[in-house]
Each structure stands twice: as C-alpha cells, then as structure tokens.
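Subject: Structure for you, with notes

Hi,

Here is the structure I promised. Please open it beside this email and follow along.

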Amino acid sequence: MNILRSTGRLSSVRWCPSPNYGPRPEGTAISLLVVHNISLPPGQFGGGYIEDFFTNRLESADHPYFLTIADLHVSAHALIERDGTVVQFVSLLERAWHAGRSCFQGVEECNDFSVGIELEGADDVPYTPQQYRALADLALVISSAWPAITSDRITGHCDIAPGRKTDPGPAFDWPGFRALFQKRQSVVLRDKQTQKGAL
C-alpha cells in the first residue's frame with residue numbers, strides 16, 4: 001500500500017503511459033472510484049483500439065467512427081479487458097481525463113478526486129466474470145491505499161454525469177459486484193485479524 005500511495009502504480013499490471021493527464025489540485029484527497037465502459041468501434045471488442053485511443057495513436061482511417069473522436073484527448077487510470085487483463089495508463093496520483101463535467105454528492109469536477117476504471121464493454125452487453133473479479137481486486141487495493149473510497153463511493157459514470165453519460169449501463173451487475181467486493185474485504189480483514197492474533 002505504501003508503494004502504491006507513493007508511486008500511484010498498480011503492481012502486476014501492464015503499464016502503457018498516456019499523455020492525457022494533469023496534476024490533481026493541491027491538497028485534494030482521492031476519495032472516489034468511477035466505473036466506465038468503452039468499446040472501439042462501439043460494440044466491438046479486441047483490436048487494441050482503446051489503448052491507441054488513450055495514447056493518442058488511434059488511426060482515424062481504420063474505421064469511420066474513429067473520425068468522430070479523432071480530436072479527443074482522454075484517458076483513464078486503468079482498463080480492464082474482456083479477459084480480465086488490466087492495463088494502467090495514468091498514475092493514480094495524477095488526474096486522468098475520464099469523467100468530464102461531473103458531480104458527486106454536490107462536489108463538481110470528479111476528475112480532481114477520483115480514480116477512473118474503464119471496462120471493455122457496452123451498456124447492454126454482459127460483462128465477464130473475469131472483469132468483475134479484476135474490478136473487485138482493483139477496488140480492494142485502491143480503497144486499501146485510500147480508505148476514503150468506501151463501498152458507497154464506488155459509482156458509475158452515469159451517476160456523476162446523468163443525462164450526458166450512461167455507462168457502465170444496465171448490463172453492469174452492481175449488487176453482484178458489491179457483494180464480491182465486500183467478500184474480498186472480509187477475507188482481507190479476517191487475514192489481518194489472524195495475523196494479529198498470531199503475534
């Protein structure tokens with residue numbers, strides 16, 4: 001946890017740095033995790049286009065849709081692919097450009113204080129078990145490093161930008177994810193108590 005808090009780099013994930021980030025406002029505490037989805041082209045998976053998009057290498061000639069997003073400069077802290085593989089683009093200490101105009105519990109500009117995790121997917125396509133497991137594991141690691149990210153401060157893009165964004169969409173199983181996340185938390189807490197009792 002100390003390494004994550006000092007470097008912002010997740011361990012055991014592939015690092016693919018994006019230029020699309022900036023500093024968090026001074027004194028801002030990381031206190032929110034935002035779940036997104038993305039597929040490029042829309043509704044299609046694989047191909048490496050998401051990675052190209054977040055690193056400003058997307059070839060607009062590869063698909064007509066890419067012409068409509070050619071001038072956008074966005075990112076997320078990490079992407080979870082369909083098979084559960086995690087790719088990190090921005091240090092968690094930095095401000096990734098994932099939320100846009102947004103508000104959570106009356107506080108605007110969620111990019112300032114949030115971590116953005118993208119799932120390779122679409123609003124109406126079921127996410128994979130591997131993605132839920134990877135997301136729960138990431139949420140556990142991140143919330144352990146920044147305890148202000150409690151279960152009720154893990155939210156969807158649609159919830160911080162209603163009317164503008166719809167992801168992760170109705171296909172995302174929030175009750176199932178939260179149950180998995182809480183199970184992971186319980187295991188960690190039990191292990192800590194066991195270790196403490198052994199001392």
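Two strands count as paired when DSSP finds at least two bridges between them. Keep that in mind for the sheet. Also note that this is a predicted model.

**The sheet**

Start with strand 3 (residues 32-38) and strand 9 (residues 114-120). They run parallel and are joined by 7 bridges. One of the residues to click on is Asn37, whose bridge partner in strand 9 is Leu119.

Now zoom out. The sheet is open, has 6 strands and shows mixed pairing. Its strand order is 1-5-4-9-3-10. Strand 1 (14-15) and strand 10 (154-156) are the edges. Each has a single partner strand, so one side of each has no neighbour in the sheet.

Helix 3 (residues 129-145) lies across strands 3, 4, 5, 9 and 10. Strand 4 covers 78-80 and strand 5 covers 86-88. The helix runs at about 170° to strand 9.

**The largest pocket**

How much space lies in the largest pocket? About 620 Å³. It is lined by 28 residues. Closest to its centre are Val74, His98, Glu118, His157 and Lys165. Two elements give two or more residues to this lining: strand 3 and helix 2 (49-54). Strand 3 has the largest share, with 3 residues. By class, the lining has 11 nonpolar, 10 polar and 7 charged residues.

**The second largest pocket**

This pocket has a volume of about 230 Å³. Which residues line the second largest pocket? From the start of the chain, they are Met1, Ile3, Leu4, Arg9, Leu10, Ser11, Ser12 and Val13. Val86, Asp137, Leu138 and Val141 complete the lining. Helix 1 (2-7) and helix 3 each supply at least two of the lining residues. The largest share, 3 residues, comes from helix 3. So helix 3 turns up twice: it lies across the strands listed above, and it helps line this pocket. The class count here is 8 nonpolar, 2 polar and 2 charged.

**Backbone points to check**

Most peptide bonds are trans, and most residues other than glycine have a negative phi. Three places in this model depart from that.

- Leu40 to Pro41 is a cis peptide bond, with omega near -15°. Pro41 sits in the loop between strand 3 and helix 2.
- Asp167 and Pro168 are also joined by a cis peptide bond, with omega about 10°. Pro168 is in the loop between helix 4 (157-160) and helix 5 (174-198).
- Ser12 has a positive phi, near 65°, although it is not glycine. Ser12 lies in the loop between helix 1 and strand 1. Ser12 is also one of the residues lining the second largest pocket.

**What the record says**

UniProt, in an unreviewed entry, places the feature "domain: N-acetylmuramoyl-L-alanine amidase" at residues 18-169. Over that stretch the chain is 18% helix and 22% strand. The C-alpha atoms at its ends are 25 Å apart.

Best wishes

How values were computed. Residues are numbered from 1 along each chain as its sequence is written. This is a predicted model: local features need pLDDT of at least 70, side-chain atom pairs count only at pLDDT 80 or more; totals for chains, interfaces and linings use all residues. Side-chain values use heavy atoms; hydrogens and water are left out. Helices (H or I, at least four residues) and strands (E, at least two) are DSSP runs, numbered from the N terminus. Contact means heavy atoms within 4.5 Å. Axes are lines fitted to C-alpha atoms, for helices over the stretch in contact, and angles run from 0 to 180 degrees between N-to-C directions. On a 1 Å grid over the protein atoms alone, a cavity is a set of points where a 1.4 Å probe fits but cannot get out, and a pocket is an open set with protein on both sides within 12 Å along at least five of seven lines; lining residues have an atom within 4 Å of a point. Grid points are joined across faces, edges and corners, and a volume is the space filled by probe spheres set on the points. Ala, Val, Leu, Ile, Met, Phe, Trp, Tyr, Cys and Pro count as nonpolar, Asp, Glu, Lys and Arg as charged, and the others, Gly among them, as polar. UniProt positions are given in the numbering used here, feature names are shortened, and annotations may be inferred rather than shown by experiment.
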